[in-house]
Amino acid sequence: MFNAGDIVKVLIPNVVNSGYDYRLAAPAELGTFVRVTVMSRPYIGVVYGIGDSGLDHDKIKNTTDVFPYHLSVHDLQWIKKMSEWTLMTPGAVLRLIVNVPDAFLPPKTEQLYKYISDTGVRMTDARQSVADAFASNENDAMSVSDIQNIAHVSGAVVRTMIQRGILVPCDVRAQESDFTHYQYNDVGNVRLNSEQALAANEIGAAIERGGYSAFLLDGITGSGKTQVYFDAAWRAYSMGRSVLLMMPEIALTAQFMSRYAARFGAPPVVWHSNLTAARRREIWRGVLRGEIRMVVGTRSALFLPWQNLGLVVVDEEHDTSYKQEDMGNYHARDMAVLRAKISGFPIVLASATPSAETLQNVADGKYRRLKLTSRFGGASLPTIETIDLREHRPMPYTMMGDDDSDAPRTGYLSPVLCDAITRTLGAGHQVMLFINRRGFAPIVQCKKCGWVAQCPDCSIGMTYHKRTDKLMCHMCGRMMPMPSRCPCCGDAVSLRGAGLEKIQEEVAARFPSARTALVSSDTIVSRQALERIVHKMESGDIDIVIGTQILAKGHHFPNLTLVGVVDADMGLFGTDFRAAEHTFQQLFQVAGRAGRGDSPGRVLMQTYQPTHPVLAAICNGNRDAFMAADMDARRAAKMPPYGQLIAVIVESQKESVLQNFCASLAASAPVADGVRIMGPIVAQIYQIRNWYRMRFLVTGGARAMLQPIVARWIGRARIPANVRVKIDVNPQNFS
């Protein structure tokens, strides 16, 4: 405990500090939230330790406020350990926690607006996005800034909707929410099968014992993993502890929310990227005060100011979206395990396709595996087969009623797949076609001179999107008009390759009576838009749904019996050593959408490589053998989890500055036993948003401590003002 007048170190939530000295204005303990100023700018920081700057006391500022809330000592230890592992500064880690600027201010009074649905005004796509923002948000009124941020529309769209009476002003003072309706109970309406009960009892026993333990809930798709960790969540919650259910954003579906409410008697408190500022403030403060003790959220929910956290569940633990690459580089799954270990509570990692790192932790005895081997409710697993495109080549097709209806177009659906679609639709069942490529055509090229449509700000080609008749860069989002002729030679341009819009066109030509829907980040701009598609699938208003990885997980369609993978080879031959693992996980998850109801399912994967180990393993249901072989290859190459990698990415808007700095960095690279520093090399995507990029890769054995070596190396460098250096420990992205 510190007294008023004591000099303490206060950690500030920004990327450049490890704490500054301040004089306490009131008594405080370690972790107490305080308000301070840095160069006249106010911050909310935390008491991090004893002051050690050595400055004269008359030069040390006072804290301006000391709040009656604090982080625990375990939380401070977690910040320190996370900083040491990720090489983010402690202040950068704290910024992930103190990410609600108005958390300690009184609620604002601001002009709010309500949405009026029955105005008769035409709803454009942008206006529909605003309507979806209101429908998906628990607040029935929002400010202009919240509407723009959540709906991703311009101020002009909002102003027009106000002028036309679609948005109606309502003067409402933001109030502190009452979270009493988020008190949960055991509804008791689910009976676990024997496998589920065994797994739930093991986790429950660990919760009752207390202390750290880690479980892998390893269950095939449709095996009821959710009900097992719901049971664990209730046990921890009923003991007065807080619970975090963490999952990828695309898994936060209305289906999941309704299952949660049915299990616990009330809707969940949900934390994700599309909350209003007021709602974020309410939830953050509710968690800090201990009024909210169970949250369903994305990776950032891990950094809420939890009180008495007693259980974390990481659903779909293998999902790459848990790796953050914007505000610092960290893996939320690994940081959740670290938090559980430091604070001493159980953690559950759930997946049908566990990551290699998690499987190795099971093999090493660090995690306990709990297996679910049968689908819940007696549903059978789908049969999975490959279609060899070398033998069953797709036939050309023509578009009826098109200006060029007589011109045959390149097909991408084989006769075998088309026949299966016909029989499935004839039986009154639904079809999913999966292709993880947005737009209509990924390559726009002139066959005469070789010109290719390329983004002027990024070193990647632009994709043609037929819905908007524009070229789009999938890296920076830039959009450009589709040229009618080649800008270099004036000849006609051709479209090469296929995205999901192209597949929809082919489906429309081959199955003209089928009702289709597209699902990708281009067509699903809000959670509400996705729910509309899900509802149409459930009600039978869609016959064939064509989508990207958004459809790969989190959805249960009982009448969906056929899944067709248009291009199973995509991703098999990437330069990333995880390419095979990620492709297996993705295709396995997609296959798991079929046959989840009473009717058996079938999965057909089109490929030119039918004997590839990834596809053979999926067809044979031989996941463990495939992962064992993949991990043997990694062991031989000393790749994670049998080695460590740290990527150092250097960026500059001037190529000469970048090259000169990388040369000096290479010249000062340290030499250490068992450590190898490779580079610099040009990054796979050399230019992103007009920043040029080069990479170093630091490698070492599984027990090598690379972080201190990299920290000293980069710490000694004089980094120019127009250069950015990013450090990525165990990178998932090698572009």
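Arg 634 and Asp 630 are both buried, and this pair offers a convenient entry into the structure, which is a predicted model. The two residues form a salt bridge in which the closest N and O atoms are 3.2 Å apart. Both belong to helix α17, which spans residues 623-637, and they are separated by 4 residues, about one turn of the helix. Side chains of opposite charge can pair when their charged atoms come close.

A second salt bridge joins Glu 651 to Lys 726, with 3.5 Å between the closest N and O atoms. Glu 651 lies in strand β28 and Lys 726 in strand β31 (residues 723-729), so this pair ties together parts of the chain that are 75 residues apart in sequence. The two partners may also be described by their accessibility. Glu 651 has a relative accessibility of 5% and therefore counts as buried, the limit for that class being under 20%. Lys 726, at 33% relative accessibility, counts as partly exposed.

A third example is the salt bridge between Arg 289 and Glu 291, whose closest N and O atoms are 3.0 Å apart. Arg 289 has a relative accessible area of 25% and is partly exposed. Glu 291 is likewise partly exposed, with a relative accessible area of 34%. Altogether the structure holds 34 salt bridges. Salt bridges also link Asp 218, Arg 369, Lys 371, Arg 623 and Asp 624 in a network.

From the charged pairs, the account turns to the enclosed spaces. A search of the whole structure finds 2 cavities of 30 Å³ or more. The largest cavity contains about 70 Å³ of space. Its lining consists of His 318, His 331, Arg 333, Ser 355, Glu 357, Arg 578, Glu 581, His 582, Gln 585 and Gln 732. Helix α15 (residues 579-591) contributes the largest share of this lining, with 3 residues. Sorted by class, the lining of the largest cavity has 6 polar and 4 charged residues, and no nonpolar ones.

The second largest cavity holds about 40 Å³ of space. Phe 434, Asn 436, Asp 567, Ala 568, Met 570, Gln 586 and Leu 587 form its lining. By class, these residues comprise 4 nonpolar, 2 polar and 1 charged. Nonpolar residues are thus present in the lining of the second largest cavity, whereas the lining of the largest cavity has none.

Open spaces may be considered next. The second largest pocket encloses about 1,200 Å³ of space. It is lined by 38 residues, of which the closest to the pocket centre are Trp 85, Asp 334, Asn 361, Lys 366 and Asn 730. Several secondary-structure elements each supply at least two residues of this lining: α1 (73-86), β14 (330-331), α10 (332-343), α11 (356-363), β28 (643-652) and α19 (706-716). Helix α10 gives the most, with 6 residues. The lining of this pocket has 16 nonpolar, 11 polar and 11 charged residues. Strand β28, one of the elements that supply this lining, is also the strand that holds Glu 651, the partner of Lys 726 described above.

On the surface, Val 15, Val 16 and Tyr 20 make a nonpolar patch of about 270 Å². Tyr 20 is found in strand β2, which covers residues 20-23. With a relative accessibility of 33%, Tyr 20 counts as partly exposed.

Two further residues complete the picture, beginning with Leu 560. Leu 560 is found in strand β26 (residues 560-565). At 0% relative accessibility, Leu 560 counts as buried. Leu 560 and Glu 391 are 169 residues apart in sequence, and their C-alpha atoms are 27 Å apart in space.

The other residue is Val 452, found in the loop between β19 (443-446) and β20 (463-465). Val 452 counts as partly exposed, at 34% relative accessibility. The C-alpha atoms of Val 452 and Val 73 are separated by 57 Å, and the two residues are 379 residues apart along the chain.

Conventions:
Residues numbered from 1 in each chain as written. Predicted model: local features only at pLDDT ≥ 70, side-chain atom pairs only at ≥ 80, totals over all residues. Heavy atoms only, no water. 1 Å grid on protein atoms, 1.4 Å probe; cavity = no way out; pocket = protein on both sides within 12 Å on 5 of 7 lines; lining within 4 Å. Points joined across faces, edges and corners; volume = space filled by probe spheres on them. Nonpolar A, V, L, I, M, F, W, Y, C, P; charged D, E, K, R; others polar. Patch = residues over 30% accessible without salt bridge, like charges linked within 9 Å, V, L, I, M, F, W, Y side chains within 5 Å. Areas by Shrake-Rupley, 256 points an atom, 1.4 Å probe, with all protein chains shown as cover. Salt bridge = Lys/Arg side-chain N within 4 Å of Asp/Glu carboxyl O. Buried < 20%, exposed > 50% of the residue type's maximum accessible area, 1.4 Å probe, protein only.
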